[in-house]
Amino acid sequence: MRSGVIIDKKYTEAILKWMSVEENLEKYLTLEPPHEGGRVIARPNVDLKPQDLIDGGFPFDEFFELRNIILKTFDIPLDLPIDDNYGFMLASFYKGHSTHMHKDPNVCADGPDESKYEKVDDIYQIKDKIHCRFNIQIQKPESGGNPINDGEEIYVEENEPWIVLAGLYEHGSSRIDGDRNRLMCSFGHYIPVELATEKGWYR
């Protein structure tokens, strides 16, 4: 679900400057999921302010302010619980990459804090909350990289936030072409079912 709002680049320029340094991406984006096609590297749980990112000069203040702006764009409370699995993420997607269709857990299943793991029969079951991700591409590729949500490819502009009800719908992204990588910030929260219903996002 796209917002139709373009965030002023003054709110993303510090993050983009840091992520435009390939050395930063290779050193600090430590997760490389086994996706088909082109390469993707990511850093989950940035909300925990890991020491190596602090030492690496990552612009946390601007990153958290960007999150606030995006949630306000969708008229969402800022105190929502953060997703325990991946939290807030950085990601860089390269030529040839496409994200396979998938859903994300609605409970803590593989996050960094094992004490929060929930033993359930189905990690995608919906009880009182839905894993929701608030995403923004701060750099678009030359072609492709569009989000696909519940079977529908959605065109979003650079710096235009969009929502994925990641624990409800299958989602992914289209194949990237060209040498310009796709740089994305993704903010994961648990949305109460009551709020999602009120917004018309869940029925």
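S92 of strand 2 stands opposite L183 in strand 9. Strands here are DSSP runs of E with at least two residues, helices are runs of H or I with at least four residues, and both are numbered from the N terminus. The model is predicted: local features need pLDDT of at least 70, side-chain atom pairs count only at pLDDT 80 or more, and totals for chains, interfaces and linings use all residues. Residues are numbered from 1 along each chain as its sequence is written, and side-chain values use heavy atoms, leaving out hydrogens and water.

## The sheet

Strand 2 and strand 9 run antiparallel and are joined by 6 bridges. Two strands count as paired if DSSP finds at least two bridges between them. Strands of a sheet pair through backbone hydrogen bonds, either parallel or antiparallel.

The open sheet has 5 strands, in the order 1-2-9-4-7, with antiparallel pairing. Strand 1 (40–43) and strand 7 (162–164) stand at the edges. Each has a single partner strand, so one side of each is left without a neighbour in the sheet. Neighbouring strands are turned by 25° against each other on average, direction ignored.

At one edge, strand 1 pairs with strand 2 in the antiparallel sense over 4 bridges. A42 has A91 of strand 2 as its bridge partner. At the other edge, strand 4 (residues 129–139) pairs with strand 7 over 3 bridges, again antiparallel. There, N135 stands opposite W162 of strand 7.

Helix 4 (residues 60–73) packs on the sheet. This helix touches strand 2 (88–93), strand 4 and strand 9 (182–192). Contact means heavy atoms within 4.5 Å. The direction of helix 4 makes about 60° with that of strand 9. Axes are lines fitted to C-alpha atoms, for helices over the stretch in contact, and angles run from 0 to 180 degrees between N-to-C directions.

How many residues of strand 2 are buried? The count is 6 of its 6 residues. Buried means under 20% relative accessible area, exposed means over 50%, and partly exposed lies in between (1.4 Å probe, protein chains only). F88, L90 and S92 point one way from strand 2, while M89, A91 and F93 point the other way.

## Aromatic rings

The whole structure holds 11 aromatic pairs. Rings of Phe, Tyr and Trp (its six-membered ring) pair if their centres lie within 6.5 Å; planes under 30 degrees apart count as stacked, over 60 as edge-to-face and the rest as tilted. Two of the pairs are set out here.

| Pair | Centre to centre | Angle between planes | Kind |
|---|---|---|---|
| W18 and Y28 | 5.7 Å | 35° | tilted |
| F63 and F187 | 4.8 Å | 40° | tilted |

W18 lies in helix 1 (residues 13–19) and Y28 in helix 2 (residues 22–28), 10 residues apart. Both W18 and Y28 are buried. F63 sits in helix 4 and F187 in strand 9, 124 residues apart. F63 is buried, as is F187. W18, Y28, F58, F60, F63, F64, F88 and F187 form one aromatic cluster.

Charged side chains also lie over rings. R39 is over the face of Y94, at 5.7 Å from the ring centre. K49 is over the face of F60, at 5.4 Å from the ring centre. The rule asks for NZ of Lys or CZ of Arg within 6 Å of the ring centre and within 35 degrees of the ring normal.

## Loop residues

K49 is found in the loop between strand 1 and helix 3 (51–55). Its phi is near 50°, a positive value in a residue other than glycine. K49 is partly exposed, at 41% relative accessibility.

N159 is in the loop between strand 6 (152–153) and strand 7. The phi of N159 is near 70°, also positive in a residue other than glycine. Is N159 buried or exposed? At 0% relative accessibility, N159 counts as buried.

R180 lies in the loop between strand 8 (171–173) and strand 9. R180 is partly exposed, with a relative accessible area of 36%. Leaving aside neighbours within four places in sequence, R180 is in contact with Q139, K140, P141, E142 and E158.

## Cysteines

A disulfide is a pair of cysteine sulfur atoms within 2.5 Å. The count by this rule is 0. The sulfur of C108 is 17 Å from the closest cysteine sulfur, in C132, too far for a bond. C108 is buried, at 1% relative accessible area. The sulfur of C132 is 16 Å from the closest one, in C185, again too far for a bond. C132 is buried too, at 0%.
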